[in-house]
Amino acid sequence: MNIYNGFKAMIFSDGESLQKKTIAVKGIVFYAKYFAITYPILFTLAILAHLLKWDISNHIVNGVFREAIMGHPMNAIIVIALFAPLLEEIVFRLWLSFSKKDIAVSSFCLCYLALTFFQGTLVYPKLITYGLHGFTDSAFLTAVGSKLLWSFLASGLTVAIFTMLQSRITPKVKDVAAAVSVLLFMLLHVTNYDLSLPLLPLAVIMCTPQLLLGITATYFRRHLGFFYGYLLHILVNFITVSGYILNEQNVLGG
């Protein structure tokens, strides 16, 4: 119950009455506290899965993605720690201001990325391997004209619907929307894992760090602004990918 209340307070609490420094410290303490609690559990589950030969392999350590990261570590850090968080923060949290401008940008990016996903998903490896030149040979620029058109239309339609329903968007609706965005952000990262349907619950549990990040970034977004949530996301991804690269280099070197 205490854990649930802690999560609920972060998503629904009114942090606007607090000073910015207090909000920032509260968010960081929340993330660090619950990460310290959950990480040993997840680490134990990962070891148990390995012993029982459950396949919970993460795409980041497999195939072309792994080769791209280890072959171009600086590019990997830039793409994973700067570019990916920007896209995810725009899609999942920018619109939580419930301003028409932010909703338009978020819905445009969501539509464009969705169309990109259905045309090909090996985008990040090419960006890591070739840097900015990777855009010219990646799914981001495949059929770019039609994707831009559909994304503009989707953005306009979303804003129009929001305008019609704006009077019905109460603080409670905004809280529910924030909670849904956190959940969807976590579930997105379930796709990182290669596993069968029976192991799906395990994948969801393994994405607890993304849940914690989503809650904290949402708290920052709602009470500090977009930049603070993005900055937190950058920090977490930077530590994660840098730690992975250093670990792989030690393994290969040893």
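The buried residues of helix 5 are Asp102, Ile103, Ala104, Ser106, Ser107, Cys109, Cys111, Tyr112 and Thr116, where buried means under 20% relative accessible area, exposed means over 50%, and partly exposed lies in between (1.4 Å probe, protein chains only). The structure is a predicted model, in which local features need pLDDT of at least 70 and side-chain atom pairs count only at pLDDT 80 or more, while totals for chains, interfaces and linings use all residues. Residues are numbered from 1 along each chain as its sequence is written, and side-chain values use heavy atoms, with hydrogens and water left out.

Helix 5 covers residues 100-119 and has 20 residues. Its first and last C-alpha atoms are 29 Å apart, close to the 28 Å expected at 1.5 Å a residue; the expected span is 1.5 Å times one less than the number of residues in the helix. Helices (H or I, at least four residues) and strands (E, at least two) are DSSP runs, numbered from the N terminus. The buried residues of helix 5 pack against helix 4 (73-92), helix 7 (144-165) and helix 10 (208-223), a contact being heavy atoms within 4.5 Å. An α-helix has 3.6 residues a turn, so residues three or four places apart point the same way.

Two residues of helix 5 illustrate its buried positions. Ser107 belongs to this helix and counts as buried at 11% relative accessibility. When neighbours within four places in sequence are left aside, Ser107 is in contact with Ala154, Ser155 and Thr158. Cys111 is also buried, at 17% relative accessibility. Outside helix 5, Cys207 is buried with a relative accessible area of 0%. The count of disulfides is zero under the rule that a disulfide is a pair of cysteine sulfur atoms within 2.5 Å.

A search of the whole structure finds three salt bridges, each defined as a side-chain nitrogen of Lys or Arg within 4 Å of a carboxyl oxygen of Asp or Glu. One of them involves helix 5: Arg221 forms a salt bridge with Asp102, and the closest N and O atoms are 3.3 Å apart. Arg221 lies in helix 10 and Asp102 in helix 5, so this pair ties together parts that are 119 residues apart in sequence. Both partners are buried, Arg221 at 11% relative accessibility and Asp102 at 13%.

The surroundings of Arg221 extend beyond this pair. Leaving aside neighbours within four places in sequence, Arg221 is in contact with Arg93, Leu94, Leu96, Ser97, Asp102 and Phe226. Between Arg221 and Leu94, the C-alpha to C-alpha distance is 7.5 Å, although the two are 127 residues apart in sequence. Arg93, one of these contacts, takes part in another salt bridge, in which its side chain meets that of Glu89 (2.7 Å, N to O). Glu89 is buried with a relative accessible area of 1%, and Arg93 is buried with 0%.

A further salt bridge joins the side chains of Arg222 and Asp175 (2.9 Å, N to O). Arg222 lies in helix 10 and Asp175 in helix 8, so this pair ties together parts that are 47 residues apart in sequence. Arg222 counts as partly exposed at 22% relative accessibility, whereas Asp175 is among the buried residues of helix 8. The others are Ala177, Ala178, Ser181, Val182, Phe185 and Met186. Helix 8 (residues 171-188) has 18 residues and reaches 26 Å from its first C-alpha to its last, close to the expected 26 Å.

On the surface, Tyr39, Phe43, Ile47, Leu48, Leu51, Leu52 and Trp54 make a nonpolar patch of about 690 Å². Patches are made of residues with over 30% relative accessible area and no salt bridge, with like charges joined within 9 Å and nonpolar side chains (Val, Leu, Ile, Met, Phe, Trp, Tyr) within 5 Å. Tyr39 is found in helix 2 (residues 20-51) and is partly exposed, with a relative accessible area of 44%.

For the protein chain overall, there are 11 helices and two strands, following the pattern α-α-β-α-α-α-α-α-α-β-α-α-α along the sequence. Buried residues make up 41% of its 254 residues. Of the contacts with a separation of 6 or more, 77% are between residues 24 or more positions apart. The chain exposes about 14300 Å², of which carbon and sulfur atoms supply 71%; accessible areas come from the Shrake-Rupley method with a 1.4 Å probe, and for residues only the protein chains shown count as cover.
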